[in-house]
Amino acid sequence: MHKTLDTQYVHLELRNDLLIGKYKKGLKMTLEMAKEIVRIRKEFTAHKPFRALVYNLGVISCDKKARDYLASEEAVEGIIAGAIVLDSAV
């Protein structure tokens with residue numbers, strides 16, 4: 001199975017059970033954005049388990065509430081394993 005979805009905040013690509021997400025350039029992540037991205041991701045994957053590869057190269061900031069939400073059980077539901085690619089030494 002291979003399908004793609006381009007949204008306002010992220011480009012998603014599903015290859016079998018691997019989800020590849022690429023955040024849009026210049027993104028300043030807020031809690032509302034994070035919740036929308038998770039909602040869209042869950043719909044896109046039909047709530048089935050998958051592995052995730054996230055390219056976090058476009059995010060220039062992420063507020064604490066968004067970070068906390070993205071680390072929550074609700075947000076990571078369905079993710080079997082994940083990796084994040086960054087362009088920062090931090």
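The largest pocket of this predicted model holds about 750 Å³ of space. Its lining is made up of 29 residues. Those that lie nearest the centre of the pocket are Y23, V54, N56, L70 and I84. Many elements take part. Strands β2 (10-15), β3 (18-23), β5 (50-55), β6 (59-62) and β7 (79-85) each give two or more residues to the lining. Helices α1 (31-44), α2 (64-70) and α3 (73-76) do so as well. By class, 21 of the lining residues are nonpolar. A further 5 are polar, and 3 are charged.

The chain as a whole contains 3 helices and 7 strands. Along the sequence these elements run in the order β-β-β-β-α-β-β-α-α-β. The radius of gyration is 12 Å, and the globule rule gives 12 Å for 90 residues, so the chain is as compact as a globular protein of that length. Along the principal axes, the C-alpha atoms fill a box of roughly 35 × 25 × 25 Å.

Contacts across the sequence were then considered. Among contacts with a separation of 6 or more, 70% join residues 24 or more positions apart. Of the 90 residues, 32% count as buried. The accessible surface of the chain comes to about 5900 Å². Carbon and sulfur atoms account for 56% of that surface.

Two residues illustrate the buried part of the chain. The first topic is L14, a residue of strand β2. L14 has a relative accessible area of 5%, which is under the 20% cut-off, so L14 counts as buried. Beyond its neighbours within four places in sequence, L14 is in contact with M1, H2, K3, L19, F44 and T45. Strand β2, which holds L14, is also among the elements that give two or more residues to the pocket lining. Between L14 and S61 there are 26 Å in space, C-alpha to C-alpha, for a separation of 47 residues in sequence.

M33 belongs to helix α1. Its relative accessible area is 16%, again under 20%, and M33 is therefore buried. Residues up to four places away in sequence set aside, M33 touches Y9, L27 and K28. M33 and I60 are 27 residues apart in sequence. In space, their C-alpha atoms are 14 Å apart. Helix α1, where M33 is found, likewise gives two or more residues to the lining of the largest pocket.

The loop between α1 and β5 holds two residues with notable backbone angles. A46 is one of them, placed in this loop. Phi of A46 is near 55 degrees, a positive value in a residue other than glycine. H47 lies in the loop between α1 and β5 too. Its phi is about 60 degrees, also positive, although H47 is not a glycine.

Where do these loop residues stand in terms of exposure, buried, partly exposed or exposed? A46 has a relative accessibility of 46%, which falls between 20% and 50%, so A46 counts as partly exposed. H47 reaches 61% relative accessibility, which is over 50%, so H47 counts as exposed. The elements on either side of this loop, α1 and β5, each give two or more residues to the pocket lining.

Note on methods
Residues are numbered from 1 along each chain as its sequence is written. This is a predicted model: local features need pLDDT of at least 70, side-chain atom pairs count only at pLDDT 80 or more; totals for chains, interfaces and linings use all residues. Side-chain values use heavy atoms; hydrogens and water are left out. On a 1 Å grid over the protein atoms alone, a cavity is a set of points where a 1.4 Å probe fits but cannot get out, and a pocket is an open set with protein on both sides within 12 Å along at least five of seven lines; lining residues have an atom within 4 Å of a point. Grid points are joined across faces, edges and corners, and a volume is the space filled by probe spheres set on the points. Helices (H or I, at least four residues) and strands (E, at least two) are DSSP runs, numbered from the N terminus. Ala, Val, Leu, Ile, Met, Phe, Trp, Tyr, Cys and Pro count as nonpolar, Asp, Glu, Lys and Arg as charged, and the others, Gly among them, as polar. The radius of gyration is taken over C-alpha atoms; the globule rule is 2.2 Å times the number of residues to the power 0.38. Buried means under 20% relative accessible area, exposed over 50%, partly exposed in between (1.4 Å probe, protein chains only). Contact means heavy atoms within 4.5 Å. Accessible areas come from the Shrake-Rupley method with a 1.4 Å probe; for residues, only the protein chains shown count as cover.
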